[in-house]
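Colleague: Could you take me through one part of this model closely, the sheet with the short pairing at its edge, and then carry on outwards from there? I'd like one connected account rather than a list.

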Amino acid sequence: METKEFKAESKRLLDLMINSIYTHREIFLRELISNASDAIDKLYYRSLTDGNTGLSRDDFSIRLAVDKENRIFTIQDNGCGMSQEELENNLGTIARSGSLQFKQENETKEDVDIIGQFGVGFYSAFMVASCVTVESKQFGSDTAYRWESHGADGYVIEPCQKEEHGTTITLKIKENTEDDNYDEFLDPHRISAIVKKYSDYIRYPIKMDMPASRLKEGCPEDKPEYEQYLQNETLNSMVPIWKKMKSEVTDEDYNEFYKEKFFDYENPARIIHSSTEGSATYQALMFIPARAPFNYYSRDYEKGLQLYASGVLIMEKCADLLPDCFSFVKGLVDSQDLSLNISREMLQHDRQLKLIAGRLEKKIHSELLSMLQNEREKYEAFYKNFGLQLKYGVYGDYGAKKDLLSDLLLFYSSSEKKLVTLSEYVGRMKESQKYIYYACGDTVEKIDRLPQTELVRDNGYEILYLTEDVDEFALKMLLEFEKKEFRSVSDSDLGLEDEKEKEQAKQKNEENKDLLSCMKDALKDKVKDVRLSSRLKSHPVCLSSQGALSLEMEKVLNTMPGDNKVKAERVLEINASHPVFASMQKLFESDQEKIKTYADLLYTQALLIEGMPIEDPVKFSNAICDLMAEK
Ligand code: ADP
Ligand code: MG
């Protein structure tokens with residue numbers, strides 16, 4: 001018999017398969033089952049269009065068998081089968097240059113899971129088998145042919161005996177080595193689990209048979225490992241839950257499915273089941289977990305949805321389907337617009353994938369919004385877990401998703417004493433109010449006490465309390481909401497004074513020019529300016545900033561690793577109507593040295609109020625004690 005060589009490309013792909021150090025070898029089964037299903041599809045289609053085949057849907061099945069003793073695994077279908085020529089063309093040359101190239105380019109990168117991501121087809125059988133035999137008979141033909149290969153050496157094709165049309169593939173499972181155990185592919189339970197995992201939704205029944213050698217011996221009773229399969233039980237459920245009508249599925253079904261599939265012990269907070277036809281045809285079943293996974297806010301967490309192509313799992317975690325801001329969503333997408341293969345087509349699929357991802361993003365957003373509007377309590381629980389991610393989402397990616405997310409944000413409100421949305425805030429704004437005010441601090445209680453909030457509060461305006469590091473960055477990225485700008489209560493212009501008041505304030509600063517510049521000199525470059533405050537009413541002093549960087553942002557940025565420390569332009573604000581200022585005015589005429597000490601004390605107190613580190617606590621404490629000791 002003449003041994004034929006594989007075409008060069010195929011040979012290389014084959015080499016990669018044979019020597020695969022790939023850990024998910026089990027996917028060979030997914031590939032063979034999907035080919036079997038494709039072959040049945042073809043014949044089934046013919047039976048639908050040509051009434052003379054005498055075949056109906058119920059005639060079709062895919063049958064598996066394992067023979068442990070002889071290390072043989074078989075998979076059999078009664079699909080269209082292959083002619084001699086087709087065996088030659090389809091199995092001798094495999095035009096998969098796309099995946100091959102990709103694999104070679106990325107070979108050094110261990111984490112590139114090309115096989116797991118996209119089907120590599122028939123050759124994957126060589127990951128588990130030392131010899132692969134394909135016996136096939138085309139529907140309507142009299143002769144059957146056998147294709148056989150031990151791998152890289154080549155293959156032979158010869159006529160053979162085969163009763164039924166279709167294809168039987170026989171794998172001689174590799175012997176175990178020190179590092180690898182192949183026995184699992186001879187265990188009916190394991191095989192059944194692999195079928196469930198990857199091929200549950202194949203539309204034709206997949207069944208486990210007794211191996212031919214055993215049947216001949218006629219003693220199935222003493223082979224307990226086959227017993228449960230001998231009932232002719234179908235291994236796959238054939239209809240995936242996401243292909244069912246919503247009305248056919250109970251919440252219980254969804255919840256169980258979610259917990260089993262996505263390894264959660266709690267029911268999901270929300271179920272999103274959608275089905276779309278048109279420019280992109282797909283079914284999506286997504287879940288919002290009730291609780292953030294323990295590693296959610298760490299680098300370990302991997303986002304992504306399972307991706308199915310017509311019921312066949314092709315990717316465990318397709319990251320491209322989810323924007324980062326919704327990375328908490330679990331679930332799957334099944335589309336018939338996608339095929340199992342990478343290859344040139346992949347580019348088009350990419351576009352299709354983007355289209356689907358865009359739709360999903362809108363869908364998730366609208367579901368969250370409806371939860372916010374109709375189930376506030378539930379939404380707040382969700383927000384507790386994932387609100388931070390939404391805010392990172394606003395800030396991240398140069399604000400690309402900020403418009404999508406702005407109506408999903410919640411912040412604590414000074415007047416409502418609970419979380420409010422931006423649109424609720426704007427809806428409550430007074431006619432005279434120009435800005436959406438916010439204040440930053442560690443906790444709500446601390447912000448409540450901030451002197452800077454006094455004036456805004458006295459005007460009867462609501463303030464949003466920002467307690468998380470990312471908050472102010474997110475608002476700065478948003479710039480405005482419903483045409484209302486955000487403004488920090490520490491901002492130099494709060495938009496509260498009219499022209500007359502502004503003029504008065506300016507005048508007052510002018511009158512005390514010498515005193516203020518004396519203080520400024522004493523503080524050197526610690527502050528950019530010392531000013532009489534228009535925001536303080538009862539408190540003597542506070543710190544504010546001018547320029548783009550706020551004190552809060554300075555704090556956050558400086559906690560990040562690296563030597564690039566930043567500094568906000570600080571302004572020390574003094575309350576001109578506070579007695580301490582009157583006493584400084586008096587001192588200024590007699591004792592300028594003391595003014596310097598006072599300036600330092602006031603600055604340090606302002607730092608303390610802000611919760612910022614002070615340079616020399618001992619000096620500060622001693623200076624206070626000196627004052628206390630004075631008669
Ligand atoms: P793909 O399925 O992506 O085309 P594969 O490498 O999985 O690539 O299979 C190569 C080809 O071999 C298939 O396109 C099909 O024509 C043929 N083939 C494989 N398995 C079968 C089968 N069980 N029945 C009929 N044809 C098959
Ligand atoms: Mg295939």
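Modeller: Strand 17 and strand 18 run antiparallel to each other and pair over 2 bridges. One residue pair to look at there is Phe-481, whose bridge partner in strand 18 is Lys-484. Between strand 17 (480-481) and strand 18 (484-488) sits a loop that holds Lys-483. Have a look at the backbone there: phi of Lys-483 is near 65°, a positive value in a residue other than glycine. Most residues other than glycine have a negative phi. Keep in mind that this is a predicted model, with a mean pLDDT of 87 for the protein chain and 90% of its residues at 70 or more.

Now step back to the sheet that this pair belongs to. It is an open sheet of 6 strands in the order 14-13-16-15-18-17, and its pairing is mixed. Strand 14 and strand 17 are the edge strands, each pairing on one side only. Two helices to follow here are helix 16 and helix 11. Helix 16 (residues 469-478) packs on the sheet and touches strand 13, strand 15 (436-440), strand 16 (463-466), strand 17 and strand 18. The direction of helix 16 makes about 155° with that of strand 15. Helix 11 also packs on this sheet, where it touches strand 13 and strand 14, and its direction makes about 110° with that of strand 13.

Over at strand 14 there's another backbone detail to check. The loop between strand 13 (410-413) and strand 14 (419-421) contains Lys-417. Lys-417 isn't a glycine, yet its phi is positive, at about 60°.

Helix 11 also takes us to a pocket. The second largest pocket has a volume of about 650 Å³. It is lined by 22 residues, and the closest to its centre are Asp-324, Cys-325, Ser-327, Gln-389 and Tyr-392. Helix 10 (345-374) and helix 11 (376-395) are the elements that give two or more residues to that lining. By class, the lining comes out at 8 nonpolar, 6 polar and 8 charged residues.

There's another sheet to set beside the one we started with. This one is open too, with 7 strands in the order 5-4-3-6-2-1-7 and mixed pairing. At its edges stand strand 5 (155-160) and strand 7 (206-209), each with a single partner strand, so one side of each has no neighbour in the sheet. From one strand to the next, the twist averages 20°. Helix 2 (residues 27-49) packs on this sheet, touching strand 1 (62-67), strand 2, strand 6 and strand 7. The direction of helix 2 makes about 25° with that of strand 2.

Inside that sheet, strand 2 (residues 72-77) and strand 6 (residues 166-173) pair in the antiparallel sense, with 6 bridges. If you want a pair to click on, Gln-76 has Thr-168 of strand 6 as its bridge partner.

Moving along towards strand 5, you meet two hairpins. Strand 3 (residues 129-137) and strand 4 (residues 144-149) run antiparallel and are joined by 6 bridges; in strand 4, Trp-147 is the bridge partner of Val-134. Those two strands form a hairpin with 6 residues between them, and Gly-140 in the turn has a positive phi of about 90°. Strand 4 then pairs with strand 5, again antiparallel and over 6 bridges. Here Tyr-145 has Pro-159 of strand 5 as its bridge partner. Strand 4 and strand 5 form a hairpin with 5 residues between them, and Gly-151 in its turn has a positive phi of about 115°.

Two stretches call for some care. Residues 95-99 stay under 50 in pLDDT, and the model has 11 contacts for them beyond four places in sequence. Residues 106-119 likewise stay under 50, with 34 such contacts.

Last stop, a helix pair: the axes of helix 20 (residues 579-590) and helix 21 (residues 592-610) come within 7 Å and cross at roughly 145°. Helix 20 makes the contact through Ser-583, Met-584, Leu-587, Phe-588 and Ser-590, while helix 21 brings Gln-592, Lys-594, Ile-595, Tyr-598, Ala-599 and Leu-602. Sorted by class, the residues of this contact are 7 nonpolar, 3 polar and 1 charged.

How values were computed: Residues are numbered from 1 along each chain as its sequence is written. Chains are lettered from A and ligands numbered from 1 in the order in which they are written. This is a predicted model: local features need pLDDT of at least 70, side-chain atom pairs count only at pLDDT 80 or more; totals for chains, interfaces and linings use all residues. Side-chain values use heavy atoms; hydrogens and water are left out. pLDDT is the predictor's confidence in each residue, from 0 to 100. Contact means heavy atoms within 4.5 Å. On a 1 Å grid over the protein atoms alone, a cavity is a set of points where a 1.4 Å probe fits but cannot get out, and a pocket is an open set with protein on both sides within 12 Å along at least five of seven lines; lining residues have an atom within 4 Å of a point. Grid points are joined across faces, edges and corners, and a volume is the space filled by probe spheres set on the points. Helices (H or I, at least four residues) and strands (E, at least two) are DSSP runs, numbered from the N terminus. Ala, Val, Leu, Ile, Met, Phe, Trp, Tyr, Cys and Pro count as nonpolar, Asp, Glu, Lys and Arg as charged, and the others, Gly among them, as polar. Two strands pair if DSSP finds at least two bridges between them. Axes are lines fitted to C-alpha atoms, for helices over the stretch in contact, and angles run from 0 to 180 degrees between N-to-C directions.
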